[in-house]
Amino acid sequence: MIGLARHWREIPQRYRYEAARCDKCSAVYFPPRLVCSKCRGREFTKTVLPQTGKVETFTVIRVAPTGFTDEAPYAVAVVKLDDSIRVMAQVVDCEVEKLAIGDRVRLEFRKVQQDGEAGAICYGYKFVPEA
Amino acid sequence: MEVGIVGYGAYVPRHRIKVEEIAQVWGADAPTYKKGLRLEEKSVPSPDQDVITMSVEASRRALRRAGVDPFELGAIYIGSESHPYAVKPSGTVVAEAIGATPNLHCADLEFACKAGSEGMFIALSLVKAGEMKLALGIGADTSQGAPGDALEYSASAGAAAFIMGRERLVAACEHTFSFTTDTPDFWRREYQHYPRHGGRFTGEPAYFKHTLSCARELMKRAGLEPGDFKFAVFHQPNGKFPLTASEELGFTREQVQQGLLSPSIGNTYSGASPLGLTAILDVAKPGDRILMVSYGSGSGSDGFVWRVTERIEEVRSLAPQTWAQIKDRPVYVNYGTYAKFRGKILKAS
């Protein structure tokens with residue numbers, strides 16, 4: 001379970017898919033960073049990631065870590081967002097045995113983790129099959 | 001100046017469970033439920049879905065249709081009886097996720113199945129009063145039904161969101177009316193996992209008295225009759241009650257069919273009549289009049305008369321339509337998976 005403060009700091013990325021585009025070389029970073037690894041630029045402009053893309057690769061988690069055991073088996077995919085960067089996240093609302101490289105998916109707002117029955121709930125993004 | 005709906009959005013989870021699947025576990029007679037309550041199947045939220053996640057998705061769809069900057073929203077109200085937290089608002093998470101914070105008013109509402117229309121009513125009223133330019137009202141639930149109880153066949157999940165404003169309306173609100181009494185037909189006490197209800201008492205003195213009284217008084221005050229409406233949508237705890245109510249009021253089956261979702265997705269509680277309204281807006285033509293009457297146990301009904309405008313044609317295809325979502329590749333689950341999804345299995349701590 002990630003800490004409350006970290007989850008709170010990451011709200012712009014987890015809730016709204018906000019990335020940073022380097023003002024010098026246009027490289028996009030998600031999550032944002034302070035220095036561009038390509039051109040050493042330090043000026044960035046906020047950009048919102050596209051919410052659809054294509055599965056580039058994926059794995060099926062069958063032995064899940066603590067906090068995710070009830071969800072196994074579940075898929076985690078690297079998705080190439082349309083005209084943008086790659087993002088890794090769970091793919092849900094699908095039969096993992098039928099998931100395939102090249103499948104179209106879109107981002108959806110979901111619960112990601114919760115600290116037991118009494119703790120805080122962490123929300124974020126997952127991928128679902130595109131309609 | 002006219003006020004009304006600027007944008008609307010609906011969200012229905014993809015998982016479903018059939019009446020037969022629930023009935024065979026409890027030794028009940030499925031045809032009796034299907035015929036008696038006019039229910040076929042219901043939507044089931046997956047473990048990573050709740051009122052907040054569905055509200056975010058419905059609100060994003062409403063924003064797409066409204067074509068407004070979320071930062072311009074002056075208020076957000078979420079009506080539900082299944083807010084994920086007992087103390088901590090759902091609305092703040094939704095407001096943050098859609099990019100509407102921090103300059104807005106926010107509140108979570110609860111009034112059994114009427115909480116969604118309450119949110120719509122308050123949002124509409126604040127805009128009408130000139131307090132704000134735009135306000136968001138949401139009805140959403142992942143409703144609870146005790147294992148083996150009659151409610152388990154209907155208690156389902158869904159969300160509908162409406163952005164109220166004064167300009168670029170898709171439906172103008174012509175009249176509103178609310179009818180409220182103290183009627184103990186259904187409740188859930190604090191710390192209780194499942195609600196209790198008064199069985200047949202939930203019918204005549206509760207649902208029908210409030211729904212019919214609200215609809216009749218609203219139409220009387222508006223000077224309208226059933227024939228003046230193209231569509232009508234009522235709270236739908238099952239498929240039978242809204243049809244009986246509409247017949248008593250003098251509406252035809254054609255007027256209510258489009259907004260009658262409960263036989264296919266069950267009772268989405270606070271989302272029920274608001275979701276029915278989204279399904280109607282998906283097909284309504286400019287000039288069509290819609291009667292909407294919610295019902296919440298405890299008890300009360302909110303009534304609205306909506307008149308659809310020309311702009312509906314421009315916006316309805318900008319987000320997933322309600323019946324299309326209901327029919328889009330539903331994933332059927334067995335009772336074991338349903339029980340796991342809904343947290344009905346007692347695990348070792």
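Biologist: Lys and Arg count as positive and Asp and Glu as negative, while His and the chain ends are not counted, and each charge is placed at NZ of Lys, CZ of Arg, CG of Asp or CD of Glu. How far apart do the centres of the positive and negative sets lie in chain A?

Modeller: This is a predicted model, in which local features need pLDDT of at least 70 and side-chain atom pairs count only at pLDDT 80 or more, whereas totals for chains, interfaces and linings use all residues. Residues are numbered from 1 along each chain as its sequence is written, chains are lettered from A and ligands numbered from 1 in the order in which they are written, and side-chain values use heavy atoms, with hydrogens and water left out. Chain A carries 21 positive and 17 negative side chains, and the separation between the centres of these two sets is 8 Å.

Biologist: In what order do the elements of chain A run from the N terminus?

Modeller: Helices (H or I, at least four residues) and strands (E, at least two) are DSSP runs numbered from the N terminus, and chain A has 2 helices and 8 strands. Its C-alpha atoms fill a box of roughly 45 × 35 × 25 Å along the principal axes. Read from the N terminus, the order is α-α-β-β-β-β-β-β-β-β.

Biologist: What share of the residues of chain A counts as buried?

Modeller: Buried means under 20% relative accessible area, exposed means over 50%, and partly exposed lies in between, with a 1.4 Å probe and protein chains only. Of the 131 residues in chain A, the buried share is 43%.

Biologist: Which peptide bonds leading into A:Pro31 and A:Pro73 are found, cis or trans?

Modeller: Most peptide bonds are trans. A:Pro31, in the loop between strand 2 (28-29) and strand 3 (44-48) of chain A, follows A:Phe30 through a bond with omega near 0°. A:Pro73, in the loop between strand 4 (52-61) and strand 5 (74-81) of chain A, follows A:Ala72 with omega near -5°. The bond into A:Pro31 is cis, and the bond into A:Pro73 is likewise cis.

Biologist: Is A:Asp83 buried or exposed?

Modeller: A:Asp83 sits in the loop between strand 5 and strand 6 (86-91) of chain A, and its phi is positive, near 55°, in a residue other than glycine. Its relative accessible area is 84%, so A:Asp83 is exposed.

Biologist: Where in chain B does the largest nonpolar core lie with respect to domain 1 and domain 2?

Modeller: A nonpolar core is a set of buried Ala, Val, Leu, Ile, Met, Phe, Trp, Tyr and Cys residues joined through side-chain atoms within 4.5 Å, and of the 39 residues in the largest one, B:Ile5, B:Phe162, B:Met164, B:Leu277, B:Leu281 and B:Trp306 touch the most other members. Helix 10 (residues 272-281) of chain B gives the largest share, 5 residues. Domain bounds come from an automatic or database domain assignment, and because domain 1 (4-170 + 313-341) and domain 2 (173-312) both give residues to this core, its place is between them.

Biologist: How many residues of domain 2 of chain B are in contact with domain 1?

Modeller: Over C-alpha atoms, the centres of the two domains are separated by 15 Å. Contact means heavy atoms within 4.5 Å, and under that criterion 64 residues of domain 1 meet residues of domain 2 numbering 57.

Biologist: Is B:His210 buried or exposed?

Modeller: B:His210 belongs to helix 6 of chain B. Beyond neighbours within four places in sequence, its contacts include B:Phe179, B:Tyr295 and B:Ser301. Its relative accessibility is 0%, so B:His210 counts as buried.

Biologist: Which residues is B:Glu313 in contact with, leaving aside its neighbours within four places in sequence?

Modeller: B:Glu313 lies in helix 11 (residues 312-315) of chain B and, at 41% relative accessibility, counts as partly exposed. From B:Pro205 it is 108 residues away in sequence and 40 Å away in space, C-alpha to C-alpha. Its contacts outside that sequence window are B:Lys285 and B:Pro286.
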